[in-house]
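Here is a friendly note to read with the structure open beside you. Take the points in order, and look for each part as you go.

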Amino acid sequence: MTLTLHYRGEYMALDFQQVRQQVMQMGENALVRAQYLREKRRKARQILDAYAAELVSLQTKVDTAISANPNLRCAVPTSEKLDHRASCPTIPDAVTVLAADGSQINPDRHASVDFCLVNVGGIQMRCDAPDAPTTTVQSQLLYDNQMYTSSGHITERMVALMRDLRERELLAYLTKKIDPPVITLTDGPLELWVGRHGAAQAREYEKKFKRYLDALRQLHSAGASTAGYIDKPRGDLLVRLLEIATLPQNEIDKAGREYRPYLGVTDANIFSALLAPGERSAIFGIQSRNASKYTAELALHFFYLNVSQNEKHPYPVRVEIPAWVVDNSQMLNDLHAVLIDQTQMLGSRPFPYLLHRSHEVAVVTHDEKRQVENMIALELRHRGVEVGQVSQKQAVKNASQQTGRYQR
Amino acid sequence: MTSIEIGRLLRAGTTGFVVGCRVSQLDAPTFGGLVRVPLGHTKDDYQIYGLIHNIHIDDDGIVRQLVTADHVDESVIADNRLNRNVPIEISVLTIGYRHNGIIKHLLPPRPPLSLDVIYQCNPDELCQFTSAGRFGYFRHILRFEDAPKGELLAAHLGQAYQAHNQRANKDWVNQATQELITLLRDDYSTLMSVLGALGDALYV
């Protein structure tokens, strides 16, 4: 039997009775789960304290674990103790902060025209100047042959990769025109998401990845620092390192595989209890098969930063930086101070102001997508080219969303 | 004397219209100021006149968030005023129009259209409009319920008084006040409120 649910005359696709049962089950388990995780976090923190200064032995153990498991993913200690805390330095007098973000219109086989679009936006602000920041937008329409790669029709993942690449290239391009010191920021990790590819896709990926590394090198040559800002991080690279620390030497091959005693504990859980407002954690390297492609000055590192201004409500975020920033204490301190300054600009919602603005500058709305689609269709018709039609499925969906006289 | 452009039309009806403007244009429009809209789509000399009765600055989520910060940077303020799409809306009460050189204090045959340019009237234009006819435009103001009539009249008469005074037409304000007293003779409370506001605007 099918029940049709209505609420104030509108269809309800969700069966709230079914969901409610499951929500109640979830609630029954929540307390036990919270207690379980609290205990795990407490133990993980004890391990951190115990191994905080054991940097060399930990490094050796990670090296051994990598030889047993080349796909191992974990944090790698650097020269700072694991529980190191650095308070917020003074904000530099004259520094330009540059942020970039990207947005895209994905290929849509149900649309009337075959196209996609990559839109990237940048915004730059000088810390010591009262002037309004300047914004830059670059929009690239992809059509015809650009909609195909050697492996076939372009995928959403490839468009996302192009967006990430163009964000980094925009930063490199804009940085050339600015006197140092310059700090460049992007939302999300520095490490490009790889995923699994077929051989042909992998070749496309490699080409774009090479350009991505080139853009990073250009930033380095220009004397700019760069960072990827990860809000509400769920990563557990440090927790994985702590697990390796407690693993007996004769079981090291289990590292990162079946031995995951602190699964569910995140790095942010640990740093919430460790870092005071404005403080950053120790800097860690990243061990992963993908991260190993970032070598020398590009080698990926990260630290956690408590961007909250409230002692009782810590809010750690992860910041990914390349080795050239780690090796330059001035760059590192400036980045730390600027990030705290930027996050404080939005008051009770600590998030870098310029990152939010770069999102606003770059974002492509649904309405804009529709307008671009219409613009292309008009141009084609104007030139006497036959325009395809929206798929029947999409047309019916559109029709059901329209308010008509028959709708109750 | 040239007129200052203060924005473009967002929406309109016969009795009033709303203008959108940039922050950099916000110095020109004032409460009670006379504005005009030359209708771009007609070849005739056809302009609509109105009085600014409200200047509205809208907020959005980010502005609400920024005010919670301990300190707001100058550059952040400039960014929000110049780069972000901060909606500044100026509401105008229609009080007359000009067609082929003749000013009438009647509602216009047609409202202006979207994106028509709105200008602040200069003192010559202000004197020209307010001297035409016998203060017929007062009835649009006195009928208007969405703004404090006394304050609106006082602001308008204050500006018109200065413009006429500069042109040695010192009698204009007395005639205007006399006309208001006549129009409001049966509405004592509004009359007192209008005269009180006029007193503040003209004689302080």
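1. How does the radius of gyration of chain B agree with that of a compact globule? Please keep in mind that this is a predicted model. For a compact globule with 204 residues, the radius of gyration would be near 17 Å, and chain B comes out at 18 Å, so chain B agrees with that expectation. Along its principal axes, the C-alpha trace of chain B spans about 55 × 45 × 30 Å. As for the interior, 32% of the 204 residues of chain B count as buried.

2. Next, try tracing chain B from start to end. You should find 7 helices and 7 strands in chain B. Along the sequence, they follow the pattern β-β-β-β-α-α-β-β-β-α-α-α-α-α. Contacts across the sequence are worth a look too: of the contacts in chain B with a separation of 6 or more, 74% are between residues 24 or more positions apart.

3. Strand β1(B) is a good place to practise reading strand pairing. As general background, strands of a sheet pair through backbone hydrogen bonds, in a parallel or an antiparallel way. β1(B), residues 4–12, runs antiparallel to β7(B), residues 117–120, and 4 bridges join the two. One pair to find is Ile4(B), whose bridge partner in β7(B) is Gln120(B). β1(B) is also joined by 4 bridges to β2(B), residues 16–21, again in the antiparallel sense. Here Ala12(B) stands opposite Phe17(B) of β2(B). Look at the link as well: β1(B) and β2(B) form a hairpin, with 3 residues between them.

4. Which elements of chain B supply at least two residues each to the side that touches chain A? In total, 12 residues of chain B are in contact with 15 residues of chain A. On the side of chain B that touches chain A, α1(B) (61–66) and α2(B) (74–83) each supply at least two residues. The most comes from α2(B), which gives 7 residues. Sorted by class, this side of chain B has 5 nonpolar, 4 polar and 3 charged residues.

5. Now turn to chain A. The secondary structure of chain A comes to 11 helices and 13 strands. Its C-alpha trace spans about 70 × 65 × 50 Å along the principal axes. Of the 408 residues of chain A, 35% count as buried. Among contacts in chain A between residues at least 6 apart in sequence, those joining residues at least 24 apart make up 75%.

6. The sheet in chain A deserves a slow look. This open sheet has 9 strands in the order β3-β11-β12-β13-β10-β9-β4-β5-β6, and the pairing is mixed. Why is one side of β3(A) and of β6(A) left without a neighbour in the sheet? Both β3(A) (74–77) and β6(A) (134–142) stand at the edges, and each has a single partner strand, so one side of each has no neighbour there. On average, neighbouring strands of the sheet are turned by 30° against each other, with direction ignored. For a pair inside that order, try β10(A) (225–230) and β13(A) (316–322), which pair in the antiparallel sense over 3 bridges. Within this pair, Gly228(A) stands opposite Glu320(A) of β13(A).

7. For helix packing, find α1(A), residues 16–51, and α6(A), residues 267–274. The two helices pack at an angle of about 70°, and their axes are 10 Å apart. With that angle, α1(A) is roughly perpendicular to α6(A), because angles of 65 to 115 degrees count that way. From α1(A), the contact uses Arg41(A), Ala44(A), Arg45(A) and Leu48(A), while α6(A) brings Asn269(A), Ile270(A) and Ala273(A). By class, this contact has 4 nonpolar, 1 polar and 2 charged residues.

8. Finally, here is a single residue to examine. Is Ile123(A) buried or exposed? Ile123(A) lies in strand β5(A), residues 116–126. It has 28 C-beta neighbours inside 10 Å, and a residue is buried at 20 or more, so Ile123(A) counts as buried. Leaving aside neighbours within four places in sequence, Ile123(A) is in contact with residues including Ala99(A), Pro133(A), Thr135(A) and Leu354(A). By contrast, Val19(A) is 104 residues away from Ile123(A) in sequence and 43 Å away in space, C-alpha to C-alpha.

Definitions and conventions:
Residues numbered from 1 in each chain as written. Chains lettered and ligands numbered in written order. Predicted model: local features only at pLDDT ≥ 70, side-chain atom pairs only at ≥ 80, totals over all residues. Contact = placed C-beta atoms within 7 Å. Nonpolar A, V, L, I, M, F, W, Y, C, P; charged D, E, K, R; others polar. Pairing = 2+ DSSP bridges. Rg over C-alpha atoms; globule rule 2.2 N^0.38 Å. Buried ≥ 20, exposed ≤ 12 C-beta atoms within 10 Å, placed from the backbone. Axes fitted to C-alpha atoms, helices over the stretch in contact; angles between N-to-C directions. Parallel < 35°, antiparallel > 145°, perpendicular 65-115°, else oblique.
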